[in-house]
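Visitor: I've got a structure on the screen and would like a walk through it. Can you take my questions one at a time?

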Amino acid sequence: MTPNAEKPAAARPDDLPPELARALPGKFVVFEGPDGSGKSTQLARFVRACQHAGVPPVEVREPGGTEVGERIRRALLDHLDREEMALRCEMLLYMASRAQLVEQTIRPSLTANKFVLADRFVSSTLAYQGAGGGLPEDQILDAARIATGNLEPDAVVIFDVDERTAAQRLNPLLRGDNLDRMESKGAEFQRRVRQGYLDQIARWPDTHLCVDGSQDEDAVFSDLIATLVGALA
Ligand code: TMP
C-alpha cells in the first residue's frame, strides 16, 4: 500500500500582495471574533500565505502561548470547575497569561523586527468579560495597560458573523461533552460578545478592522487581504 495515495493534495498557499509582505516585518496583528466566526480557519490560511511569501509569522495564541499561559488556559477553560469563577478573577487570569506572552514572546519578536500574529488579545477580554460578562470597560483597559506595558497592536482584524451563522458553524461542537466553559454560555451571551466587537470597530476605526466572516471561506480571505493592505501597506 502506498501510504500517501489517499491523502488529498494540499491546497497551494495563497499569494500575498508584495506590498503587504513588505509591510509585515515588525508589525503586530491580532485576529479576533466571536466563537464560530471562522477566525481559526482564516488564521491558518493566512499563516501559510505569509510563510509562502517569506514572512513567517511568530504565532501566539490566547489564552496560552507560553508554558505558564497554557496552565492558565487549562484553569480557565476546564469544565470540571467545581465553582463558578468570579468575573474579575477570570479577567485577571486572561491578563496574567497575556503579560507573560508579551514579555516572553511578543515584545522580543517585535524588537527583532519579526511579524507577530496573535490569535486573540485585549479585544477578546473587552468583548467576552466586558460586553459579554458585564465587567466595566475602564477596569479592563486599566488591567490591560499593566499586562501589556502599553503595547498595542498595529491592526486588530475582527471577523464579524451573525449569531445564526456562528451557531450553525458551532453546532457539531456543541453536542455531547465538547462544550467548553465559554461556548456553553448561550446565545444571549454570544450576542453581547458580537456587539462588544462591533462597538470596538466603531470606537477605534483606524486599528480595529471589520471583515465579514459570514461569507464563504474564499470571499472572507479576499476581504482579509484587502483590509490588511488598506491598513498596513
Ligand atoms: P479559542 O481558542 O477557540 O479562540 O477560544 C478561547 C476562548 O476564550 C473563547 O471562547 C474566548 C475566550 N476568551 C475570553 O473570554 N477572554 C479573553 O481575554 C480571551 C483571550 C479569550
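Visitor: Let's start with helix 5 and helix 8. Which residues of helix 8 meet helix 5?

Guide: This is a predicted model, so take what follows as computed from it. On the helix 5 side, the residues involved are Ser123, Leu126, Ala127, Tyr128, Gly130, Ala131 and Gly132. Their partners in helix 8 are Phe189, Arg192, Val193, Gln195, Gly196, Tyr197, Asp199 and Gln200.

Visitor: Are helix 5 and helix 8 parallel, antiparallel, perpendicular or oblique to each other?

Guide: Helix 5 covers residues 122–132 and helix 8 covers residues 187–203, with axes 8 Å apart. The crossing is right-handed, and the angle is about 130 degrees. Roughly perpendicular stops at 115 and roughly antiparallel needs over 145. The angle falls between those two cut-offs, so the pair counts as oblique.

Visitor: And helix 2 with helix 9: what angle do they pack at?

Guide: Thr41, Gln42, Arg45 and Phe46 in helix 2 meet Glu217, Val220, Phe221 and Leu224 in helix 9. Helix 2 passes helix 9 in a right-handed crossing, and their axes are 11 Å apart. The two are oblique to each other, at an angle of about 60 degrees.

Visitor: Over to the strands. Is strand 1 mostly buried or exposed?

Guide: Strand 1 spans residues 28–32. In a regular strand the side chains alternate between the two faces of the sheet. Here one side carries Phe28, Val30 and Glu32 and the other carries Val29 and Phe31, and both faces are covered. Five of the five residues in strand 1 are buried.

Visitor: How many bridges pair strand 1 with strand 4?

Guide: Strand 4 covers residues 155–160 and pairs with strand 1 in the parallel sense. One place to look is Glu32, which stands opposite Ile158 in strand 4. The number of bridges between strand 1 and strand 4 is four.

Visitor: Which residue of strand 3 does Val30 stand opposite?

Guide: Strand 3, residues 116–119, also pairs with strand 1 in the parallel sense, over four bridges. Phe28 stands opposite Val116 there. For Val30, the residue opposite in strand 3 is Ala118.

Visitor: What stands opposite Ala118 in strand 2?

Guide: Strand 2 is residues 58–61, and four bridges join it to strand 3, the two running parallel. The residue of strand 2 opposite Ala118 is Val60.

Visitor: Which helix gives the most to the largest nonpolar core?

Guide: That core has 45 residues, and Met95, Val116, Val157, Ile158 and Val211 touch the most other members. The biggest contribution is seven residues, from a helix spanning residues 87–111. That is helix 4.

Visitor: Which residues does Val211 contact, leaving aside its neighbours within four places in sequence?

Guide: Val211 is one of the core members that touch the most others. One group of its contacts is Val157, Ile158, Phe159 and Asp160. The others are Val220, Asp223, Leu224 and Thr227.

Visitor: Stepping back, what share of contacts between residues at least 6 apart joins residues at least 24 apart?

Guide: The protein has nine helices and five strands, in the order α-β-α-β-α-α-β-α-α-β-α-α-β-α from the N terminus on. Buried residues make up 35% of its 233 residues. For contacts between residues at least 6 apart in sequence, the share joining residues at least 24 apart is 83%.

Conventions. Residues are numbered from 1 along each chain as its sequence is written. This is a predicted model: local features need pLDDT of at least 70, side-chain atom pairs count only at pLDDT 80 or more; totals for chains, interfaces and linings use all residues. A residue is buried if 20 or more other C-beta atoms lie within 10 Å of its own, exposed if 12 or fewer, and partly exposed in between; C-beta atoms are placed from the backbone. Two strands pair if DSSP finds at least two bridges between them. A nonpolar core is a set of buried Ala, Val, Leu, Ile, Met, Phe, Trp, Tyr and Cys residues joined through C-beta atoms within 7 Å. Two residues are in contact if their C-beta atoms, placed from the backbone, lie within 7 Å. Axes are lines fitted to C-alpha atoms, for helices over the stretch in contact, and angles run from 0 to 180 degrees between N-to-C directions. Angles under 35 degrees count as roughly parallel, over 145 as roughly antiparallel, 65 to 115 as roughly perpendicular and the rest as oblique. A crossing is left-handed if the near helix is turned anticlockwise from the far one by less than a right angle, and right-handed if clockwise.
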